[in-house]
Amino acid sequence: MHLYDQLVKHAENGAYPMHMPGHKRNGAWLSMENPYLLDITEIEGFDDLHAPEGILREGMERAARLYGADESWYLVNGSTAGILAGIAASTQPGDTVLVARNCHRSVYHALMVNRLEPVYLYPPVEPDWGLWGSVRPQDVEEALEKAERKISLVVITSPTYEGILSDVKTIAEICHAHGVPLLVDEAHGAHLGFSGESPAESTDAGVSPAAVETQGGKLSFPAGAVSAGADLVVQSLHKTLPSLTQTGLLHRRGERVSGERVKECLDIYQTSSPSYILMASIDRCLELLEPENRGWLKAWEDRLRGFYLPARRLRGLRVLADSPAFFARDLSKLVISTRGTGHTGPELAERLRRPYGFEPEMTSTDYVIAMTGAGDTWEAMARFTESILEIDDRWMWESETKIEAQELHGMWDDFRACPRRSLWEARLTEGRTVPLNREALGAISRDFVYAYPPGIPILAPGEEITESVLSAVTLCEEKGLRLRGPACEGKVQICRE
């Protein structure tokens with residue numbers, strides 16, 4: 001069977017997508033003519049992405065206006081291109097960059113190809129869930145003050161895959177007080193700051209499930225990183241909004257990063273043959289974000305309320321809400337924990353697929369992420385809510401036994417990277433392949449090792465293979481998660497001494 005045939009079959013008979021893209025294949029709401037009729041190149045009247053003067057320039061100016069940026073650029077190579085270009089535009093080879101360790105692998109690739117030296121920030125681990133919380137402003141300030149070399153750029157992820165937001169406004173103020181620009185990977189937050197009832201303005205605080213009820217049914221998404229003062233913000237439109245996969249935006253605000261330099265780097269990292277179908281998808285998405293067209297946002301907010309309120313009845317499964325480790329949470333991410341049920345994240349994911357017919361976005365060791373989006377239907381969200389409640393009832397009926405405390409160990413609980421060489425230096429070093437077990441303990445990795453999604457490296461080139469790395473790898477293997485990297489299947493390349 002060919003890929004196209006497989007896609008058509010899946011569209012007709014596949015599980016409902018509790019995953020990206022945000023349009024959720026909702027043909028009743030969004031449709032497009034035969035794509036072959038629309039697939040063109042840079043011809044008269046259709047502008048040029050790399051030298052926009054007409055219709056594409058107008059679209060990017062609309063994006064800047066909607067998000068409050070000084071400049072915005074279309075991304076047709078995904079957020080990855082925006083991250084690579086943004087980091088390259090803000091640094092010079094040899095510079096030191098302050099990086100949150102829970103950043104996506106594209107950030108590490110940018111560090112590697114631009115020969116940058118990272119200094120890591122470690123968000124606190126949320127104890128009940130074993131996942132990283134918000135980047136703390138005080139940790140950013142302390143790192144900037146204590147850095148042995150001048151920091152050229154700060155890079156954080158907000159929101160994370162689990163929807164955890166950091167206090168971008170305060171972090172930006174701290175960075176700017178030290179004369180350092182801030183880049184925020186907001187790939188999962190293109191919808192932040194928009195509401196079905198008001199223009200793109202919101203509070204700096206997040207919204208908890210408790211607040212959903214007390215607000216009389218109103219649920220507004222927290223503010224985004226552009227309005228919070230970040231210098232560069234990278235967004236994937238397709239993750240939550242009604243746009244095609246691979247589409248995104250890069251925003252610039254302020255004068256700390258040159259717009260001309262950003263454009264030069266985008267010319268390097270974006271294809272010279274951009275898809276007009278993808279760019280048309282961006283343009284249509286932006287039109288739906290205009291204040292007069294935001295009724296669908298209110299419906300999305302109401303569907304979320306229709307999940308969180310019944311979810312309070314869960315007895316074994318738990319839904320991620322607020323924590324002292326979080327500055328705020330984006331509630332569009334439904335994060336459901338199996339801790340305390342005697343079941344794993346992969347088991348919950350499989351139960352959702354069969355018999356309920358839902359495909360989740362991400363499966364971790366002991367939780368599942370179900371992504372909501374603009375294109376979800378009321379019927380699907382109600383059915384998903386009932387499915388979670390039924391699974392919870394069934395599992396609690398089968399056994400009231402809780403897993404032992406020592407088994408409640410998350411991948412990141414005791415994790416600390418141990419850099420020994422720079423990323424790029426390690427990749428240039430001759431290597432050899434060894435099993436990724438205790439035989440490799442103490443060696444310096446030449447590879448990336450990560451679970452995907454979310455694509456956060458457990459091990460990056462130049463880092464020592466430590467007990468905490470092996471512990472995270474073992475936990476993934478025990479829970480049935482497949483690790484990825486240049487040398488997979490339980491092996492890793494290490495640097496020859």
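This is a selection-by-selection tour of a predicted model.

**Strand β3 and its neighbour**

Begin with β3, residues 96-100. Five of its five residues are buried, so the strand counts as mostly covered. In a regular strand the side chains alternate between the two faces of the sheet. Display the side chains here: T96, L98 and A100 point one way, V97 and V99 point the other way, and all are buried. Add β4, which pairs with β3 in the parallel sense over five bridges. To find one of the bridges, select V97; P118 in β4 is its partner.

**Y120 and what surrounds its ring**

Stay on β4 (residues 117-121), which holds Y120, and add helix α5 (residues 105-113), which holds Y108. The model has 11 aromatic pairs, and one of them is Y108 with Y120. What is the geometry of the pair formed by Y108 and Y120? The pair is tilted, at 6.2 Å centre to centre and 45 degrees between the planes. The two residues are 12 apart and link distant parts of the chain. Both Y108 and Y120 are buried. Now show R101: its charged end sits over the ring of Y120, 5.3 Å from the ring centre.

Between α5 and β4 runs a loop that contains R115. Its phi is positive, about 55 degrees, although R115 is not a glycine. Most residues other than glycine have a negative phi, and most peptide bonds are trans. R115 is partly exposed, with a relative accessible area of 40%.

**The loop after β1**

Go to the loop between β1 (16-18) and α2 (35-38), where P21 lies. M20 and P21 are joined by a cis peptide bond, with omega about 0 degrees. K24 lies in the loop between β1 and α2 as well. It has a positive phi of about 55 degrees without being a glycine. Is K24 buried or exposed? With a relative accessible area of 4%, K24 is buried, because that value is under 20%.

A second cis peptide bond to select is the one that joins R354 and P355, with omega about 20 degrees. P355 is found in the loop between α13 (345-353) and β15 (358-360).

**More rings**

Select Y16, F307, Y308, F358 and F384 together; ring pairs link these residues into a cluster. Then select R303 and W378: the charged end of R303 sits over the ring of W378, 6.0 Å from its centre.

**Helices α3 and α11**

Two packed helices are described by the angle between their axes and the distance between the axes. For α3 (residues 55-67) and α11 (residues 276-288), the angle is about 40 degrees and the axes are 10 Å apart. α3 passes α11 in a left-handed crossing. To see the contact, show L56, G59, R62, A63, L66 and Y67 from α3 against Y276, M279, D283, L286 and E287 from α11.

**The sheet of β19, β20 and β21**

Finish on an open sheet of three strands in the order β20-β19-β21, with antiparallel pairing. Which strands form its edges? They are β20 (457-459) and β21 (483-484), each pairing on one side only. Helix α16 (residues 467-478) packs on this sheet and touches β20 and β21. The direction of α16 makes about 125 degrees with that of β20. Strand β19 (residues 449-451) pairs with β20 over two bridges. For the last selection take V449, whose bridge partner in β20 is L459.

Notes
Residues are numbered from 1 along each chain as its sequence is written. This is a predicted model: local features need pLDDT of at least 70, side-chain atom pairs count only at pLDDT 80 or more; totals for chains, interfaces and linings use all residues. Side-chain values use heavy atoms; hydrogens and water are left out. Two strands pair if DSSP finds at least two bridges between them. Helices (H or I, at least four residues) and strands (E, at least two) are DSSP runs, numbered from the N terminus. Contact means heavy atoms within 4.5 Å. Axes are lines fitted to C-alpha atoms, for helices over the stretch in contact, and angles run from 0 to 180 degrees between N-to-C directions. Rings of Phe, Tyr and Trp (its six-membered ring) pair if their centres lie within 6.5 Å; planes under 30 degrees apart count as stacked, over 60 as edge-to-face and the rest as tilted. Buried means under 20% relative accessible area, exposed over 50%, partly exposed in between (1.4 Å probe, protein chains only). A charge sits over a ring if NZ of Lys or CZ of Arg is within 6 Å of the ring centre and within 35 degrees of the ring normal. A crossing is left-handed if the near helix is turned anticlockwise from the far one by less than a right angle, and right-handed if clockwise.
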